[in-house]
Amino acid sequence: MIRAAAIAAYLAALLAVDTQVGIGGQRALGVLTWVVLIVLLVRFPAERRAQAIGVVCFATLGEITGSLIWRVYSYRLHNLPLFIPPAHGLVYLAGLSIALALRPRPLVWIAAAGAVAWGIAGLTVLPRLDVAGAVGVPLLCVFLWRSGSRAVYASVFLVVAALELYGTAIGTWRWAAELPGLGIPDGNPPSGVASGYVWFDVMALLVAPWLLVAARRARSLGRSVAVEQTSG
């Protein structure tokens, strides 16, 4: 839990500082965040490192699609900040740390209840109608019910939900009132964004074994080449 709290504190400070700097400062924050992620990754087993790297890859594709291409949301400087990809890895590590420290059943119930309540509120009492966000809530509930990694998904949901509410409140990013091209009302932030984030984790867990195999083969090939060069 100490590690999760430290990551959360860093991310909160990162988003706050970003609102006060220009593109140069934002790039510096990006370099710093990559360094923080790398330092943390070495403290985890190889499988967890592969999962975090997978999250960074899939989340970056999602960011490019959602922000730069589809324009469902936009960052303060209308770009993709350099710190966003590694921040996704930090979010995953924070959620993983929470899942390893706490009992899974309460985590799952809290996440499910929070997601359902948020989705209903977006359709009834929140200032902005959130139809698009509510669509993602049932998907999260399915993962929380059926998946063997439900505790990780629940923890990541809670971290993402907190960061989404915080990031939009301080103006780091803003969600469009409607899904561009579809006209479906969307919240700021939408309730389903934290639910949809679970997709990054699902894909990362699926590809992590392949990444480990590829890394082992690369190391083996490197050793073989080194031996050949030495013997030659």
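User: Which residues make the nonpolar surface patch of about 410 Å²?

Analyst: Quick note before we start: this is a predicted model, where local features need pLDDT of at least 70, side-chain atom pairs count only at pLDDT 80 or more, and totals for chains, interfaces and linings use all residues. Residues are numbered from 1 along each chain as its sequence is written, and side-chain values use heavy atoms, with hydrogens and water left out. A patch takes residues with over 30% relative accessible area and no salt bridge (a side-chain nitrogen of Lys or Arg within 4 Å of a carboxyl oxygen of Asp or Glu), joining like charges within 9 Å and nonpolar side chains (Val, Leu, Ile, Met, Phe, Trp, Tyr) within 5 Å. Here the patch is made by Val31, Trp34, Val35, Val39 and Leu82.

User: Is Trp34 buried, exposed or partly exposed, and what is its relative accessible area?

Analyst: Trp34 sits in helix H2, residues 23–41 (helices are DSSP runs of H or I with at least four residues, strands are runs of E with at least two, numbered from the N terminus). Buried means under 20% relative accessible area, exposed over 50%, and partly exposed in between, with a 1.4 Å probe and protein chains only. Trp34 is therefore partly exposed, at 32%.

User: How many aromatic pairs does the structure hold?

Analyst: Rings of Phe, Tyr and Trp (its six-membered ring) pair if their centres lie within 6.5 Å; planes under 30 degrees apart are stacked, over 60 edge-to-face, and the rest tilted. By that rule, the count is four.

User: How far apart in sequence are the parts that the pair of Tyr73 and Trp175 ties together?

Analyst: These two rings make a tilted pair, 4.6 Å centre to centre with 45 degrees between the planes. Tyr73 belongs to strand S1 (residues 73–75) and Trp175 to strand S2 (residues 173–175), so the parts tied together are apart by 102 residues.

User: Which kind of aromatic pair do Tyr75 and Trp173 form?

Analyst: Tyr75 is buried at 5% relative accessible area, and Trp173 is buried too, at 9%. Their ring centres are 6.0 Å apart, with 75 degrees between the planes. That angle is over 60 degrees, so the label is edge-to-face.

User: Which residues form the one aromatic cluster?

Analyst: Tyr73 is buried, with 10% relative accessible area, and Trp175 is buried at 8%. Joined with the other Tyr and Trp, the cluster is Tyr73, Tyr75, Trp173 and Trp175.

User: What percentage of the 232 residues is buried?

Analyst: The protein has nine helices and two strands, running α-α-α-β-α-α-α-α-β-α-α from the N terminus. Its buried share is 44%.

Methods. Accessible areas come from the Shrake-Rupley method with a 1.4 Å probe; for residues, only the protein chains shown count as cover.
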